[in-house]
Amino acid sequence: MPEIPPRPERSPPESSPATEDDLMARFAALGIASETFRHPPVFTVEEARALRGDLQGGHCKCLFLKDKKSALWLIVVEEDRTVDLKALSIAIGAARFSFGKPELLLERLGVVPGAVTPYAAINDLDGAVTVVLDHGLMGHAVINFH
């Protein structure tokens, strides 16, 4: 198994979240191929579907959650998956979930509601947020994140 390069040193996300260039450099360091499609902001799955046209691959929605024990989670699922928070917490061994507050999202991942993305994990310098990817997404040759 190849060695994963260390994360570059940066300031905490509340003072300077990673830039797009930071993210692309990290992908390059990890040998991850990517392609960028630019679009206006969207806030719902329906808006994303209407805008993307026939862009192939899996598409996601992201949930920033906090459990009853204050653990933080970023749940990334296929866009059409219905998420039962109680069943999810049991399945992954978490305490009861609630949605994370916008201030906590900004502090930990450096993004605001409507911009939640698995890419924001680059800003979680101390590993406080557990990222969970839906197994359905992993079945696609290409996965589209926003």
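The questions and answers below walk through a predicted model of one protein chain.

Me: In what order do the helices and strands of the chain run from the N terminus on?
Reply: It helps to begin with the inventory, since the chain of this predicted model has four helices and five strands. Read from the N terminus on, these elements follow the order α-α-β-β-α-β-α-β-β.

Me: How much of the chain counts as buried?
Reply: The surface gives one side of the picture, as the chain exposes about 9,400 Å², of which carbon and sulfur atoms supply 57%. The other side is the share of residues with under 20% relative accessible area. Of the 146 residues of the chain, that share comes to 31%.

Me: Where on helix α4 do its buried residues lie?
Reply: Helix α4 spans residues 102-109, and its buried residues are Leu104, Leu105 and Leu109. Seen down the axis of α4, the buried residues fall within an arc of 105°. Because they fall within that arc, they line one face of the helix.

Me: Which strands help to cover the buried residues of α4?
Reply: The buried residues in question are Leu104, Leu105 and Leu109, and what covers them includes strands from separate parts of the sequence, at 58-67, 72-78 and 129-133. By name, these strands are β1, β2 and β4.

Me: Which elements each supply at least two residues of the largest nonpolar core?
Reply: The largest nonpolar core has 14 residues, and those that touch the most other members are Cys62, Phe64, Leu74, Val76, Leu105, Leu109 and Val129. Apart from this core lies another, of eight residues, which includes Leu63, Leu65, Val77 and Phe97. In the largest core, the elements that each give at least two residues are β1, β2 and α4.

Me: Which residues does Val129 contact, leaving aside its neighbours within four places in sequence?
Reply: Val129 is among the residues that touch the most other members of the largest nonpolar core. Two other residues of that group, Leu74 and Leu109, are among its contacts. The full list for Val129 is Phe64, Leu72, Trp73, Leu74, Arg108, Leu109 and Asp124.

Me: How many disulfides does the chain have?
Reply: Two cysteines deserve a check here, and both are buried, Cys60 at 8% relative accessibility and Cys62 with a relative accessible area of 15%. For Cys60, the nearest cysteine sulfur is that of Cys62, 4.0 Å away, whereas a disulfide needs the sulfur atoms within 2.5 Å. Cys60 is therefore in no disulfide, and Cys62 is in none either. The count of disulfides comes to zero.

Me: Is Ile75 buried or exposed?
Reply: Ile75 is found in strand β2, and, not counting residues up to four places away in sequence, Ile75 touches Lys61, Cys62, Leu63, Leu65, Leu88, Ile92 and Val132. Its C-alpha is also 7.7 Å from that of Asp134, although the two residues are 59 apart in sequence. At 1% relative accessibility, Ile75 counts as buried.

Me: Which residue other than glycine, in the loop between β1 and β2, has a positive phi?
Reply: A positive phi is found just after α4, where Gly110 takes a value of about 70°. The residue asked about has a phi near 75° and is not a glycine, and with a relative accessible area of 47% this residue is partly exposed. In the loop between β1 and β2, the residue is Ser70.

Conventions:
Residues numbered from 1 in each chain as written. Predicted model: local features only at pLDDT ≥ 70, side-chain atom pairs only at ≥ 80, totals over all residues. Heavy atoms only, no water. Buried < 20%, exposed > 50% of the residue type's maximum accessible area, 1.4 Å probe, protein only. Arc of directions from axis to C-beta. Contact = heavy atoms within 4.5 Å. Core = buried A, V, L, I, M, F, W, Y, C linked by side-chain atoms within 4.5 Å. Areas by Shrake-Rupley, 256 points an atom, 1.4 Å probe, with all protein chains shown as cover.
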